[in-house]
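Here is a friendly walk through a few local features of this protein. Have the sequence and the 3D view open as you read.

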Amino acid sequence: MHLTPATPVRLTAGTLVLRPWAPEDAAVLAELYQDEALRRWAAAPVHDEPSAARWVAEQQRGWETGERFAFAVQEPRASDARPAGNVVLKRPATPSSSAEVGYWTAAHARGKGVAPRALTALADWAFGAFAHQGLTRLELLHQVDNTASCRVAEKSGFALYGVLPAAPPAFPLDGHQHIRRAPTAG
């Protein structure tokens, strides 16, 4: 069984709200991607509003197929109402014991604990929503020189598991693999 847009999912993490990306987010997403740091670390091909609209449509297809669950992270009470980031659960089409998570934080929200709170909420949801499919492990991958991602992973309960060798051109540097395991009953 896959979750679909017919069963909308909204998550909360304190003052944060995590909701599926929507077509009306394209303009602000294009604006957020003007940030050099975001373009450096996030792999999405967002350069302008049309490419942002294509990216949003890909996220919606991910929900429809059950292979990718991307959430816009917002802080409704903040003075800046734009999305503060993105968290995503990448699942294979068939049940599996592991899945990958990813995230990015918008420039205006960095240093405020948005990423760890959102990533923790995503992981908690994933383990609950996919327990019946045997999900017991989440992986977070990042380049070794992305020290901020290491801190976010650790704050979110993802322990450093190992170093992955570079795989150019997509991954020009070695990477860190962080793992979070499902809580055990008892």
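## Two sides of helix 5

On one side of helix 5, Glu154 and Lys155 are exposed. Keep in mind that this is a predicted model. The other side of the story belongs to Ser149, Cys150, Val152 and Ala153, the buried residues of this helix, which spans residues 147-155. Looking down the axis of helix 5, you will find these buried residues within an arc of 165°, so they line one face of the helix. As background, an α-helix has 3.6 residues a turn, so residues three or four places apart point the same way.

What do the buried residues of helix 5 pack against? Their partners are strand 5 (98-105), helix 4 (114-129), strand 6 (137-143) and strand 8 (175-181). Just after helix 5 comes glycine 157, with a positive phi of about 85°.

## A nonpolar patch

Now turn to the surface, where Val144, Val163 and Leu173 make a nonpolar patch of about 220 Å². Leucine 173 sits in the loop between strand 7 (159-164) and strand 8. With a relative accessible area of 36%, leucine 173 is partly exposed.

## Around aspartate 35

Another loop, the one between helix 1 (26-32) and helix 2 (36-41), holds aspartate 35. Its side chain reaches the backbone nitrogen of leucine 38 at 3.0 Å. Leaving aside residues up to four places away in sequence, aspartate 35 touches Ala107 and Arg110.

For a sense of distance, take aspartate 35 and alanine 57, which are 22 residues apart along the chain. Their C-alpha atoms are separated by 22 Å.

Methods:
Residues are numbered from 1 along each chain as its sequence is written. This is a predicted model: local features need pLDDT of at least 70, side-chain atom pairs count only at pLDDT 80 or more; totals for chains, interfaces and linings use all residues. Side-chain values use heavy atoms; hydrogens and water are left out. Buried means under 20% relative accessible area, exposed over 50%, partly exposed in between (1.4 Å probe, protein chains only). Helices (H or I, at least four residues) and strands (E, at least two) are DSSP runs, numbered from the N terminus. The arc is that of the directions from the helix axis to the C-beta atoms. Contact means heavy atoms within 4.5 Å. Patches are made of residues with over 30% relative accessible area and no salt bridge: like charges are joined within 9 Å, nonpolar side chains (Val, Leu, Ile, Met, Phe, Trp, Tyr) within 5 Å. Accessible areas come from the Shrake-Rupley method with a 1.4 Å probe; for residues, only the protein chains shown count as cover. A salt bridge is a side-chain nitrogen of Lys or Arg within 4 Å of a carboxyl oxygen of Asp or Glu. A polar contact is a pair of N or O atoms within 3.5 Å; within protein, one must be able to donate a hydrogen and the other to accept it, and residues adjacent in sequence count only if both atoms are side-chain atoms.
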